[in-house]
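Subject: A structure for you to look at

Hello,

Here is the structure I promised to pass on to you. Please open it next to this email, and then read on for what turned up in it.

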Amino acid sequence: MPSLSFIVPAHNEAFEIGRALTSIFEAVRAVGLPFEVLVVNDASTDKTAELAREKGARVVDVNLRKISAVRNAGARQATGDMFFFVDADTQISEATLRAALRALERGAVGGGAWVAFAEPVGWSLRLALPVFNWIYMRLLRWAAGCFVYARRVAFEAVGGFDETLYACEEIILSRALKRQGPFVVLRESVTTSNRKMRMYSPWLIIPLITRFLIHGPAIFRQRQGLEWWYEGKREK
């Protein structure tokens, strides 16, 4: 039986991580495969690590402050045949996990899933999210960063996440994995927090999106301008 490694990068996620880990444990126990859950605790100053251990996760402490490197640090500690990278503010379901496993059984090397928001959203986000899902996941077939799955051998063959990037590393990984074999983005969804859209002005987010559309992921090779992303506001 294949074994599954769930890798959860986390920095000051005490508010969200309990729900995320509960969803992982419930989904994987329903599936009945051997598994492990690793929380890669990246320099948290709150109770993230303590709460993760209480939920039954193995905590790997790092001080990297670069999401690509944090994900790779978890992968190096993982023992499973299949990797599932799940953000600490994201919840998965049994249906989505089963769909990912079916894709892997049919030969996929990896993939992602559509995204839904956990909290109520305004009309603009209700309109924007389906467009994002269709373009990002359906048209371009990129995995959203909050949920990425991959065969260990394929992940290692492409060198994991690109550690020169401070963001959008999932795009580069998606492109690389496509060259290894079928990359399947599921129509089943994961549920993630929309806190960045709720807690920050659109006038901070829109320029970043515009720069990305013009220049691509290369703009994320420096941390300048991403302070709100890395030291972002958290619910209490």
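Which residues does M82 touch, leaving aside those up to four places away in sequence? The answer is P2, S3, L4, S5, L104, A150, R151 and R152. Before going further, please keep in mind that this is a predicted model.

M82 is a handy place to begin. This residue lies in strand 4 and counts as buried, because its relative accessibility is 10% and the cut-off for buried is under 20%. There is also a link across the sequence: M82 and G110 are 28 residues apart along the chain, and their C-alpha atoms are separated by 8.9 Å.

Now for the overall picture. The protein chain has 236 residues, and buried residues make up 53% of them. You will find 10 helices and 8 strands in the chain. Among contacts with a separation of 6 or more, 77% are between residues 24 or more positions apart. The accessible surface of the chain comes to about 11000 Å², and carbon and sulfur atoms account for 56% of that area.

Next, the sheet. It is an open sheet of 8 strands with mixed pairing, in the order 3-2-1-4-7-6-8-5. Its edge strands are strand 3 (58-62) and strand 5 (90-91), each of which pairs on one side only.

Two of the pairings are worth tracing on screen:

- Strand 1 (residues 4-10) pairs with strand 2 in the parallel sense, over 7 bridges. One place to see this is I7, whose bridge partner in strand 2 is L38.
- Strand 4 (residues 82-86) and strand 7 (residues 147-151) run antiparallel and are joined by 5 bridges. Here V86 has F147 in strand 7 as its bridge partner.

Why is strand 2 described as largely enclosed by the rest of the structure? Strand 2 covers residues 35-42, and 7 of its 8 residues are buried, so the rest of the structure largely encloses it. Helix 7 (residues 169-178) is also largely enclosed, because 7 of its 10 residues are buried. The buried residues in helix 7 are E169, E170, I171, L173, S174, A176 and L177.

Another residue to look up is T192, in strand 8 (residues 183-192). T192 is buried, because its relative accessible area is 7% and buried means under 20%. What does its side chain meet? The T192 side chain makes a polar contact with the side chain of T90 at 2.8 Å, and another with the side chain of D89 at 3.5 Å.

Finally, have a look at the outside. V131, W134, I135, L139 and L140 form a nonpolar patch on the surface, and together they have about 450 Å² of accessible area. Is I135, one of the patch residues, buried, partly exposed or exposed? I135 is partly exposed, with a relative accessible area of 39%, because that value falls between the 20% limit for buried and the 50% limit for exposed. You can find I135 in helix 5 (residues 123-139). As a reading aid for helices, an α-helix has 3.6 residues a turn, so residues three or four places apart point the same way.

Happy exploring, and best wishes

Terms used:
Residues are numbered from 1 along each chain as its sequence is written. This is a predicted model: local features need pLDDT of at least 70, side-chain atom pairs count only at pLDDT 80 or more; totals for chains, interfaces and linings use all residues. Side-chain values use heavy atoms; hydrogens and water are left out. Patches are made of residues with over 30% relative accessible area and no salt bridge: like charges are joined within 9 Å, nonpolar side chains (Val, Leu, Ile, Met, Phe, Trp, Tyr) within 5 Å. Accessible areas come from the Shrake-Rupley method with a 1.4 Å probe; for residues, only the protein chains shown count as cover. A salt bridge is a side-chain nitrogen of Lys or Arg within 4 Å of a carboxyl oxygen of Asp or Glu. Helices (H or I, at least four residues) and strands (E, at least two) are DSSP runs, numbered from the N terminus. Buried means under 20% relative accessible area, exposed over 50%, partly exposed in between (1.4 Å probe, protein chains only). Contact means heavy atoms within 4.5 Å. A polar contact is a pair of N or O atoms within 3.5 Å; within protein, one must be able to donate a hydrogen and the other to accept it, and residues adjacent in sequence count only if both atoms are side-chain atoms. Two strands pair if DSSP finds at least two bridges between them.
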